[in-house]
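I opened this model to look up its enclosed spaces and two of its helices. My entries follow.

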Amino acid sequence: MLINAVPQFQGALTERAPELPEGCVALAELAGHVLGVPVHYILQNRETSPVADGIANRGVLTGPNRAAQLAALEAPGGPVLTIGGDCGVELVPIGVARYRFGPGLGVAWFDAHPDLNTAETSPSGAFHGMVLRSLLGEGDPDFAANPPVEPGRVVLAGARAFDEAERAAVERGLVVETADVAAGLSGSDKIYVHLDLDVLDPGEFDGLNCPEPGGLTIERLVAMLRGLNGFEVVGAGITECVGTRVRVLEPVLEVLGELLTGKQ
């Protein structure tokens, strides 16, 4: 198992986005301690670039940041836990997993937001709200995964803040919205688990980049993740941490480690 820390912030445009690199490092250090695995820190460009084709920081996101992530995944030698940074860091590891493991790959998307916008529908131009749509092969061609994750093989868990275009994408079957994540993924050979920490209720952890009320407790999240232990989990990611007091997240890291190593 490998831990990749990817302290990218340019995919987010929130007030706390500049805190994402520090949150990434704090969470990665805790993950390395809890899981007993060395952490590989992937160098990310700290510059910004202009909005282009409706996407903020497009040049940085498609250039050095992506190249560094791709290089780190050339020969991972086992399952990878990616720790961000904004949700945009998931484009590369999930895209690589889809390429390696084929069309049967399923994705469990634990996130308060479905991240199903495109540059045309995004109210902000922030790429972290477009990453799942890109993984499904739609939107800007420089971000769209090829091959894409197949429609219907993504299960949304804990999503509760939808833009109109995102709701339309769900209604046409791009993703599945269900509380029974395991059942929604039942046809998948292997799965990737994406966890944006804003799936949690803000009262559970104060280091959320885009907090939304009415989220999961840590206990409930851990139980939902443990419900996936019948699957072969080939990768996972934790994103959008802007806090440095992260010890409360130890149970989440522990269960992800169990899923990635197959040791329950």
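I took a cavity to be a set of grid points where a 1.4 Å probe fits but cannot get out, with lining residues having an atom within 4 Å of a point. The model is predicted.

**Cavities.** I found two cavities of 30 Å³ or more. The largest has a volume of about 80 Å³. I listed its lining as Gln-8, Leu-61, Arg-66, Gln-69, Gly-88, Val-89, Leu-91, Val-92, Phe-127 and Phe-143. By class I noted six nonpolar, three polar and one charged residues there. Helices α3 and α4 each supply at least two residues of that lining.

The second largest cavity has a volume of about 40 Å³. Among the residues I noted in its lining are Ile-55, Asn-117, Phe-127, Met-130, Arg-133 and Asp-140. Its classes are four nonpolar, four polar and three charged.

**Helix α4.** I went next to α4, residues 91-101, where eight of eleven residues are buried. Leu-91 and Val-92, which I had listed for the largest cavity, are among the buried ones. The buried residues of α4 pack against α3, β3, β4, α5 and β7. Just after α4, I read a positive phi of about 90° at Gly-102.

**Helix α9.** What span does α9 reach from its first C-alpha to its last? I got 17 Å over twelve residues (250-261), close to the 16 Å expected. I noted Val-252, Leu-253, Val-255, Leu-256, Gly-257, Leu-259 and Leu-260 as its buried residues. Their cover includes α1, β3, β7, α8 and β8. Gly-262, just after α9, takes a positive phi of about 75°.

Conventions: Residues numbered from 1 in each chain as written. Predicted model: local features only at pLDDT ≥ 70, side-chain atom pairs only at ≥ 80, totals over all residues. Heavy atoms only, no water. Helix = DSSP H or I, 4+ residues; strand = E, 2+ residues; numbered from the N terminus. Expected span 1.5 Å × (residues − 1). Buried < 20%, exposed > 50% of the residue type's maximum accessible area, 1.4 Å probe, protein only. Contact = heavy atoms within 4.5 Å. 1 Å grid on protein atoms, 1.4 Å probe; cavity = no way out; pocket = protein on both sides within 12 Å on 5 of 7 lines; lining within 4 Å. Points joined across faces, edges and corners; volume = space filled by probe spheres on them. Nonpolar A, V, L, I, M, F, W, Y, C, P; charged D, E, K, R; others polar.
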